[in-house]
Amino acid sequence: MTGGVTAARTILTRLHEVMASRSNAQAKLNTTVEVIAECLDSEVCSIYLLREAMLELYATHGLAQEAVHVTRMALGEGLVGTIGGEVATLNLAEAAAHPDFSYRPETGEEKFHSFAGVPIVRRERAVGVLCVQHVEPRRYEEVEIEALQTVAMVLAEMITNAGLVDEEDGFGAAAAQTGPLPVKGLTLVKGLASGHAVYHQPRITIEHTMAEDVEAERQRVYLAFDKMRAQIDRMAREVEFGVGGEHEEVLETYKMFAYDEGWARRINEAIDSGLTAEAAIERVQQRTRMRMRQIDDALLADRMHDLEDLSNRLLRTVSGQLGTAASKGLRADSILIARNLGPAELLEYDKRRLKGVILEDGSLTAHVVIVARAMGIPVLGRVRGLRGLIHEGDHVLLDGDQASAIVRPAAAMIEAFEARFAKSRERQAAYAALRDVEPCTRDGHRITVMMNAGLREDMTNLALTGADGVGLFRTEFQFLVSATLPSRERQTRLYREVLDVAGNRPVVFRTVDIGGDKQLPYLRHDDGPAEENPAMGWRALRVALERDGLLKVQARALLEAAAGRTLHVMFPMVAEPWEFDAARAMFDSQLAFLKQRRKMVPEVIRYGAMLEVPALAEMLDVMLPRLQFLSIGTNDLTQFLFAADRANPKLAERYDWLSPAILRFLARVVGAVARARTQGHSVDLGVCGEMGGRQVEALALLGLGIRRLSITPAAVGPIKALISKIDLGEIEAAMAGWLATPPDDLRSELVAWAHARHIAFD
Ligand code: PEP
Ligand code: MG
């Protein structure tokens with residue numbers, strides 16, 4: 001690139017004067033083409049700019065001057081249009097031999113054979129094209145192309161500052177340059193949304209491209225590299241970044257890029273050619289992007305995204321534009337775009353403005369998805385190459401029901417979508433009308449349908465859905481949204497408010513389940529190495545029992561908040577009965593303490609455990625007599641049964657909740673609970689994992705003998721509707737048959753069974 005550096009530097013030095021001059025934009029462009037033509041010893045140099053979605057010849061040295069402002073090309077038309085449309089470079093010895101060549105007689109270009117052009121890029125879109133032509137049929141040297149690309153960066157700044165190209169829509173994106181694009185993914189949360197794309201980590205806008213002081217720019221990049229490397233190293237050391245094996249791989253790649261001398265050198269060379277640190281980083285990134293576009297390899301494309309992420313991180317560091325879109329405030333109707341998110345990150349967004357989320361990764365039971373589901377926000381996940389497809393500000397129709405989205409939709413698509421949207425709202429209204437209808441099966445069995453919650457705001461859903469109570473209150477959500485460990489007073493206040501809203505309806509408070517993919521930055525275990533498998537690591541009750549201060553404070557808060565009422569307490573991740581005993585003992589001692597001080601205590605306390613570690617299922621004969629209720633956490637249970645990380649996107653679609661292995665396991669638990677009942681130990685059994693909120697899965701659970709579900713609020717209506725249509729005796733008999741002789745595809749059998757009875761699923 002060294003030759004390119006010199007050529008670019010010479011041009012930029014001269015352009016510096018041109019830009020600083022007081023002449024108008026057109027005059028500056030005229031001088032620019034002269035300078036470039038002279039420095040590259042080129043017979044033609046032309047600049048086309050995007051105006052009203054057409055590339056218009058704005059300035060030329062070498063072509064007929066009459067063609068200026070006359071020759072116009074649509075995106076995709078001719079060589080110039082191809083460069084603009086594909087944001088790609090062309091370098092041709094014989095222009096006319098290219099299939100896209102389109103002859104424009106007014107330019108007088110017939111005598112020129114060779115042609116090279118580069119896009120002038122602003123926010124990943126072409127806002128113009130810079131090209132050179134020669135009589136002699138020869139391909140341009142790599143160094144000349146490099147120089148053109150560098151100059152194009154500077155031109156991008158100049159022409160946007162001068163307002164020469166299509167106005168931006170105020171949301172950061174140029175008017176749509178490419179047509180509608182359908183994308184496919186995996187539905188993580190159902191629902192429809194229409195809005196504008198907002199990147200969780202916004203791209204940086206580069207204000208200045210030409211360096212005043214090359215040495216100072218070098219220093220800035222040097223410091224930014226240092227900072228970024230330290231960040232990556234820290235992430236690698238910290239557990240919280242990893243929510244699955246894949247993230248470790250990503251981190252390894254990040255590290256490799258962060259320390260890649262080649263990358264740093266290319267950025268430095270770009271600075272040498274006269275660019276600012278920001279422009280140099282972007283310049284190198286543009287070049288990589290263009291090269292990668294020519295290689296059709298999924299693995300490489302993934303790595304490209306990693307580099308893109310890192311490049312953005314470097315840009316943010318060097319420009320001091322830190323923070324996510326949440327810290328900047330969302331505009332109304334936003335569709336958030338991210339590779340992946342943590343639950344706490346999602347909770348930072350204004351729920352009223354956030355309409356949908358599209359993730360490149362994601363899995364059904366990752367906590368961020370559970371949070372989105374609770375917020376009623378549709379999520380599409382597993383969209384490959386997402387960040388190359390959607391631009392900030394693009395209009396997006398997210399169809400969480402059909403696992404797809406349309407980016408930059410055409411008017412007819414919007415219309416069709418709106419019609420479906422209206423239908424879906426009608427359906428929602430029909431479900432809402434079931435609010436006061438008791439969930440009873442056709443053969444008269446009352447099913448308990450409760451909802452899951454985690455924040456104070458979620459409680460409004462109780463009245464909206466008519467749920468029988470809160471079967472799982474994830475207390476750790478308060479910890480996740482706090483910057484510091486919530487004090488006992490704050491915890492007590494929340495629990496009291498929750499109970500107040502619930503009134504007579506029960507609320508099952510689950511003690512903190514932190515760890516796994518719910519890491520708290522302020523609560524780390526510094527002793528010992530980083531966890532390789534956080535989901536199976538130091539989490540939930542394991543943390544609470546070791547940091548007994550945590551459980552003690554929470555026990556006091558819960559006991560005080562429920563004074564004079566019924567308190568339901570549930571412990572997560574119980575693997576062995578003694579863990580339940582130890583946690584229960586903590587509550588007993590706090591209760592004794594309060595009584596000793598003559599404080600008011602709960603009238604009744606009911607204790608329960610979550611069954612999410614398979615080992616506990618083998619101990620139910622010992623465990624059940626100690627419990628009042630048992631709640632099956634199918635999210636964790638199934639990840640452990642299948643040894644498949646619930647947050648690992650690669651495994652998101654691999655195993656089905658309706659596999660005979662899972663259903664047989666659950667049937668055994670139902671059997672153990674029934675046996676205990678005959679022995680005088682009556683224990684309420686329910687399911688509180690995401691499985692229960694899906695109609696086909698819920699049908700299976702009812703068939704297994706589950707009579708109590710705690711599900712995401714949005715599912716309460718659809719599940720109530722389902723319950724009213726089924727005959728429990730029938731589905732139980734069918735399920736017994738399937739479990740005895742499992743069919744190849746139990747899901748299809750269930751769906752066919754339902755269809756034969758005119759039971760439709762959403
Ligand atoms: C579960 O594991 O099924 C569950 C309900 O708990 P969480 O999703 O919070 O881990
Ligand atoms: Mg769990």
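Helix α23 gives the most to the shell around ligand 1, contributing 3 residues. I should state at once that this is a predicted model. Two further elements stand beside α23, which spans 634–641: α12 (367–375) and β16 (470–474), and each of these three supplies at least two residues of the shell.

Let me describe that shell as a whole. It consists of 17 residues around ligand 1, and the closest are Arg474, Arg510, Gly633, Asn635 and Arg646. Sorted by class, the shell has 8 charged, 5 polar and 4 nonpolar residues.

Which atoms of the protein lie close to the oxygen atoms of ligand 1? I shall take three contacts. In Arg510, a polar side-chain atom lies 2.7 Å from an oxygen atom of the ligand. Thr634 contributes a polar backbone atom, 3.1 Å from a ligand oxygen. In Asp636, an N or O atom of the side chain is 3.0 Å from an oxygen atom of ligand 1. How much of the ligand does the protein bury? Taken alone, ligand 1 exposes 290 Å², and the protein buries 100% of that.

Two of these residues, Arg510 and Asp636, lead us to the salt bridges, for both belong to a network that also links Glu476, Asp513 and Arg539. The structure as a whole holds 42 salt bridges.

Within the network, the side chains of Asp513 and Arg539 meet at 3.1 Å, N to O. The pair links distant parts of the chain: the residues are 26 apart, with both Asp513 and Arg539 in the loop between β17 (507–510) and α18 (541–546). Are these two partners buried or exposed? Asp513 has a relative accessibility of 1% and therefore counts as buried. Arg539, at 3%, is likewise buried.

A second salt bridge offers another setting. The side chains of Arg556 and Glu560 meet at 2.9 Å, N to O. Both residues lie in helix α19, residues 548–561, and they are 4 residues apart, about one turn of the helix. Arg556 has a relative accessible area of 15% and Glu560 one of 17%; both are therefore buried, since the cut-off is under 20%.

Finally, I turn to Glu438 and Arg446, whose side chains meet in a salt bridge of 2.9 Å, N to O. Here Arg446 is partly exposed, because its relative accessible area is 34%, and the partly exposed class lies between 20% and 50%.

How values were computed: Residues are numbered from 1 along each chain as its sequence is written. Chains are lettered from A and ligands numbered from 1 in the order in which they are written. This is a predicted model: local features need pLDDT of at least 70, side-chain atom pairs count only at pLDDT 80 or more; totals for chains, interfaces and linings use all residues. Side-chain values use heavy atoms; hydrogens and water are left out. A residue is near a molecule or strand if one of its heavy atoms lies within 4 Å of it. A polar contact is a pair of N or O atoms within 3.5 Å; within protein, one must be able to donate a hydrogen and the other to accept it, and residues adjacent in sequence count only if both atoms are side-chain atoms. Accessible areas come from the Shrake-Rupley method with a 1.4 Å probe; for residues, only the protein chains shown count as cover. Ala, Val, Leu, Ile, Met, Phe, Trp, Tyr, Cys and Pro count as nonpolar, Asp, Glu, Lys and Arg as charged, and the others, Gly among them, as polar. A salt bridge is a side-chain nitrogen of Lys or Arg within 4 Å of a carboxyl oxygen of Asp or Glu. Buried means under 20% relative accessible area, exposed over 50%, partly exposed in between (1.4 Å probe, protein chains only).
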